[in-house]
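Here are some notes for a colleague who is opening this entry for the first time. Please read them with the structure in view.

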Amino acid sequence: AYEIGVRLVGSEMCIRDRATGPATAGSGSAITYTYNYRNGSTQTINPTITATQPTGVVFGSVSDNTNCALNAGTVTCNYSNLAAGGTGSFTVTGTVTASTGTTVAHGAYQIAATGFPTLGGQTVFTNVATSSTATAITSSANPSVSGQNATLTATVTSAGGTPTGTVQFTVGGVNYGAPVTLSGGTVFARL
């Protein structure tokens, strides 16, 4: 979490803006940024906060539909009458589109209010990692008897989207056939 602020010379007036996001996310997974703001001045202000989706993320929704709007990848929030010392927050949820092994750098957000300098936020870094998978195996004949034909189905799922790659079936610890390429996260083997 990063927080930035400004203190005007000879004054205690300041406005602050801070964003947080995950340190790691999988390619294709959901990502949420939380934006916290505070009026550190001694007067009521009408701040505008903007956040532009970073490269490698597509913004999908914003939690504050009253004061905020999402348009073409940019969230704009207009707040009225934020009292001295007043605080608030909102979240923006999106999807990670960056490739595994890259880093998403989100620093394109700022807060502005009349009479105060526009403040940009510190960059929030998210490493895009391989998403974990889960594999479920089912059999068309369960229970089966010796010599009976059966079809095994392997379904591979991931929070990071539809998995790709291959599945190697084994029977009694010995590879059964060649690895089979996933199609929509599912493969079949006929025994």
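1. A definition comes first, for the ring contacts discussed below: rings of Phe, Tyr and Trp (its six-membered ring) count as a pair if their centres lie within 6.5 Å, and planes over 60 degrees apart make the pair edge-to-face. The model under discussion is a predicted one, and by this definition the structure holds four aromatic pairs.

2. One of these pairs is formed by Tyr 35 and Tyr 109, whose ring centres are 5.7 Å apart with 75° between the planes, so the pair is edge-to-face. The contact links distant parts of the chain, since Tyr 35 belongs to strand E4 while Tyr 109 belongs to strand E11 (residues 109-112), 74 residues apart.

3. Are Tyr 35 and Tyr 109 buried or exposed? Both Tyr 35 and Tyr 109 are buried, and ring pairs join Tyr 35, Phe 90 and Tyr 109 into a cluster.

4. The strand that carries Tyr 35 can be followed further, because the pairing of E4 is described as well: strand E4 (residues 30-39) and strand E9 (residues 87-96) are paired in the antiparallel sense over nine bridges. Within this pairing, Thr 87 in E9 is the residue that stands opposite Arg 38.

5. Strand E9 also pairs with strand E6 (residues 57-62), to which it is joined by five bridges, and these two strands run antiparallel. Here Val 58 has Thr 95 in E9 as its bridge partner.

6. Elsewhere there is an open sheet of three strands, in the order E14-E15-E20 and with antiparallel pairing. Its edge strands, each pairing on one side only, are strand E14 (133-139) and E20, and the twist from one strand to the next averages 20°.

7. Within that sheet, how many bridges join strand E15 (residues 151-158) to E20? Five bridges join E15 to E20, and the two strands run antiparallel; the bridge partner of Leu 152 in E20 is Ala 189.

8. The segment after strand E20 (186-190) holds Leu 191, which contributes, together with Val 171 and Tyr 176, to a nonpolar surface patch of about 240 Å². Leu 191 has a relative accessibility of 35% and therefore counts as partly exposed, because that class lies between the limits of under 20% for buried and over 50% for exposed. Why can a partly exposed residue belong to such a patch? The patch takes residues with over 30% relative accessible area, and Leu 191 is at 35%.

Definitions and conventions: Residues are numbered from 1 along each chain as its sequence is written. This is a predicted model: local features need pLDDT of at least 70, side-chain atom pairs count only at pLDDT 80 or more; totals for chains, interfaces and linings use all residues. Side-chain values use heavy atoms; hydrogens and water are left out. Helices (H or I, at least four residues) and strands (E, at least two) are DSSP runs, numbered from the N terminus. Patches are made of residues with over 30% relative accessible area and no salt bridge: like charges are joined within 9 Å, nonpolar side chains (Val, Leu, Ile, Met, Phe, Trp, Tyr) within 5 Å. Accessible areas come from the Shrake-Rupley method with a 1.4 Å probe; for residues, only the protein chains shown count as cover. A salt bridge is a side-chain nitrogen of Lys or Arg within 4 Å of a carboxyl oxygen of Asp or Glu. Buried means under 20% relative accessible area, exposed over 50%, partly exposed in between (1.4 Å probe, protein chains only). Axes are lines fitted to C-alpha atoms, for helices over the stretch in contact, and angles run from 0 to 180 degrees between N-to-C directions. Rings of Phe, Tyr and Trp (its six-membered ring) pair if their centres lie within 6.5 Å; planes under 30 degrees apart count as stacked, over 60 as edge-to-face and the rest as tilted.
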